[in-house]
Amino acid sequence: MNLYKHVSEAINDKLGFAAKLEVPRNRDFGDFSTNAAMVMAKSAGKNPRELATEIASKLAELPFVSDTSIAGPGFINIKIKDEFIWNAAENAAQVEPSSKPQTIDLDYGAYNVAKSLHIGHLRTSIVGDTFNRIAKLLGHRTYSWNHMGDWGKPMALIIAWIERMHPELPYFRDDFDPKTPVDFEIDPAELNTYYPAASKYAKENPEFQSHAQEIKARFQDGHTGYFALYEKFLAISLDMMRDTVNRLNILPFDYDLGERNAAKYLPAVEEILRKQNLIQESDGAQIIVVRKDSDNAPMPPYMWTDSRGADTYDSTDLAAVYCRKLTDNPDKIIYFTDMRQSLHFEQLFRAADISGIFDYANFEHIGYGTINGADGRPFKTRDGNAAGLDDIIDAVNAAVAARVRDAEKSLDQATVDMIALAALKFNDLLHDVRSDYVFDPTAVTSFEGRTGPYILYTAVRLNSVLKRAPDAGTAQMSILSPDERNLLIGILDFERTVHSAFENRATDMVANYAYDLCQLINTFYHNCPILRDDVSPQDRAQRLYIARAARDTLARAIDLMGLRIPEEM
């Protein structure tokens, strides 16, 4: 139940105007407050406190209000009846779906074929997946796209590198028959070395660079041998991507389709652009002018083809939009990428809009900040390279394992993996997606404080109590203690949080809600014993009811973050 929404709508109906409802930090005086009297006093020609007294008396008539009071110059505090809170908590983990469900294409992941995932893929994967889960919970139809880098120069460099090492293979012949069996296997670990080695070699050898350009053109024109070789390392690369995605407990992508798939739609998109005379020549390149007279900042043209006539990142991105329009016909397309790509997406949105392919207003780009090391600079390995995503996961796993050993505990590897997953993902989700943050494998694995392990520990503790608890029968509410009441109020804020996280595109709201709920749960656990012998059956039943509602709500929040709850910690 969305307690905030229920109370707000009832108050507005009662007063006949929209009163802004606030949630005070200190609930000693009220569960909600409003400054409606202060806002309306001037137009009503009354003193704010005088008007507040009139409004408070009306609000006291609402069936769920137990008390109202006036504070300061005219703030109205509202206390909710315990019985109402108690009854509402029974289904607190259930979320009312959106009244206007949408079809949404979500572009995150953006992994590169034949290149291992690195730290730059961490936030797009985690934030995109969590937003996907939130949207699904609210009843939206979502389609997740892993728009892979699988078409341009990197593919050509990899093919050229394999040719350099294995010139005897038949893939490089113009008369290659795709039905020909070829005895050639690629080791996945070795595949990850091909692109960096080829890229470095190309910079030092112009002839190799030129040959790679030729391969790129022929590959994109359909050279059967190059394409057959590409298909071989694509399959290996997809398996590696999925292995890492599984380690992160990311939902499977609906589409693992990238630039190569988008390239199929280039002729259709070009026809649309040319019919509207949107393509212009510029220094041998073909461009689309997207600048507006109202622009104050530089706005470069959108590059349709480069000066060599080759397809570009810009052109395949526009073709991908066209593909998604035909495939999913989404109401919105949302991209989760590095904030530094903001200009590119602004250009893309304008190009799609002026061509009539997709409306500008229905695009969104959610740009994320960088993950930094202790020195405040983008996190890198000791050799100065971008850290591999598997390496980061391994580092967090090792930090968790060390903490478990130090605590002289014995946990199986599956449990260590779950704790490490929570440490890594919760730490990322905790921050505003647009902000940078410092990554420290040791700090994020702490079992105390605002960390993933703390969230899991709280869930494990609740599960343990509920498993050991005797059947208490149907709980009847007696008097609620402040800690019991505060926890119930916190539980009832879950639905509002989920809707707000979606509307504000703020996945951090779910993570911070989970932490705040855990704080309330642990205070309740400490001050309100459940299984102790001196606890009365009535109190035990009441507290088990609250603990069960808390467990169900916390578990739902944990699932939205893509975390797993272990049996023990």
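**Loops, helix 8 and pockets in a predicted model**

Q: Asn329 is found in which loop?
A: This is a predicted model. Two elements flank the loop that holds Asn329: helix 12 and strand 10. The residue is therefore placed in the loop between helix 12 and strand 10.

Q: Is Asn329 buried, partly exposed or exposed?
A: The relative accessible area of Asn329 is 45%. Exposed begins over 50%, and buried means under 20%. At 45%, Asn329 is therefore partly exposed.

Q: What is the phi of Asn329?
A: Asn329 is a residue other than glycine. Its phi nevertheless has a positive value. That phi is near 45 degrees.

Q: Which loop holds Asn249, and what is its phi?
A: Asn249 lies in the loop between helix 9 and helix 10 (259–263). Here too, a residue other than glycine has a positive phi. The phi of Asn249 is near 55 degrees.

Q: Is Asn249 buried or exposed?
A: Asn249 has a relative accessibility of 16%. The limit for buried is under 20%. Because 16% falls under that limit, Asn249 counts as buried.

Q: How far apart in space are Asp187 and Phe233?
A: Asp187 lies in the loop between helix 6 and helix 7. At 40% relative accessibility, Asp187 counts as partly exposed. Along the sequence, Asp187 and Phe233 are 46 residues apart. In space, their C-alpha atoms are separated by 9.5 Å.

Q: What is the distance between the end C-alpha atoms of helix 8?
A: Helix 8 covers residues 206–220, which makes 15 residues. At 1.5 Å a residue, its expected span is 21 Å. The model agrees with this: the end C-alpha atoms are apart by 21 Å.

Q: Within what arc do the buried residues of helix 8 fall?
A: The buried residues are Phe208, Ala212, Ile215, Lys216, Phe219 and Gln220. Seen down the axis, they line one face of the helix. An α-helix has 3.6 residues a turn, so residues three or four places apart point the same way. The buried residues of helix 8 fall within an arc of 115 degrees.

Q: Which residues are exposed on the other side of helix 8?
A: One face of helix 8 is lined by its buried residues. On the other side, the exposed residues are Pro206 and Glu207.

Q: Which helices are among the cover of the buried residues of helix 8?
A: The buried residues of helix 8 include Phe208 and Ile215. Three helices are included in what covers the buried set. They are helix 6 (153–165), helix 7 (188–204) and helix 9.

Q: Which residue with a positive phi follows helix 8?
A: The phi of this residue is near 100 degrees. The residue that follows helix 8 is Gly222.

Q: Which residues does Phe227 touch, leaving out those up to four places away in sequence?
A: Phe227 sits in helix 9 (residues 224–247). With a relative accessible area of 29%, Phe227 is partly exposed. Once residues up to four places away are left out, the contacts of Phe227 are Phe219 and Arg260.

Q: Which element supplies the largest share of the lining of the largest pocket?
A: The largest pocket holds about 920 Å³ of space. Its lining has 45 residues, with Ala110, Asn112, His118, His121 and Gln341 nearest its centre. Helix 5 (122–137), helix 6, helix 8, helix 12 (313–327) and strand 10 (332–338) each supply at least two. The largest share, four residues, comes from strand 10.

Q: How many residues in the lining of the largest pocket are charged?
A: The lining divides into three classes. Nonpolar residues number 16, and polar residues number 16. The charged residues number 13.

Q: Which helix gives the most to the lining of the second largest pocket?
A: This pocket has a volume of about 730 Å³. Of its 22 lining residues, Val23, Pro24, Arg25, Arg27 and Asp493 are closest to the centre. Helix 18 (482–491), helix 19 (494–503) and helix 20 (508–527) each supply at least two. With seven residues, the most comes from helix 20.

Q: What is the volume of the largest cavity?
A: The structure holds one cavity of 30 Å³ or more. Leu3, Tyr4, Val23, Arg27, Phe32, Ile489, Leu492 and Asp493 line the largest cavity. Its lining divides into six nonpolar, no polar and two charged residues. The volume of the largest cavity is about 50 Å³.

Technical notes. Residues are numbered from 1 along each chain as its sequence is written. This is a predicted model: local features need pLDDT of at least 70, side-chain atom pairs count only at pLDDT 80 or more; totals for chains, interfaces and linings use all residues. Side-chain values use heavy atoms; hydrogens and water are left out. Buried means under 20% relative accessible area, exposed over 50%, partly exposed in between (1.4 Å probe, protein chains only). Contact means heavy atoms within 4.5 Å. The expected span of a helix is 1.5 Å times one less than its number of residues. The arc is that of the directions from the helix axis to the C-beta atoms. On a 1 Å grid over the protein atoms alone, a cavity is a set of points where a 1.4 Å probe fits but cannot get out, and a pocket is an open set with protein on both sides within 12 Å along at least five of seven lines; lining residues have an atom within 4 Å of a point. Grid points are joined across faces, edges and corners, and a volume is the space filled by probe spheres set on the points. Ala, Val, Leu, Ile, Met, Phe, Trp, Tyr, Cys and Pro count as nonpolar, Asp, Glu, Lys and Arg as charged, and the others, Gly among them, as polar.
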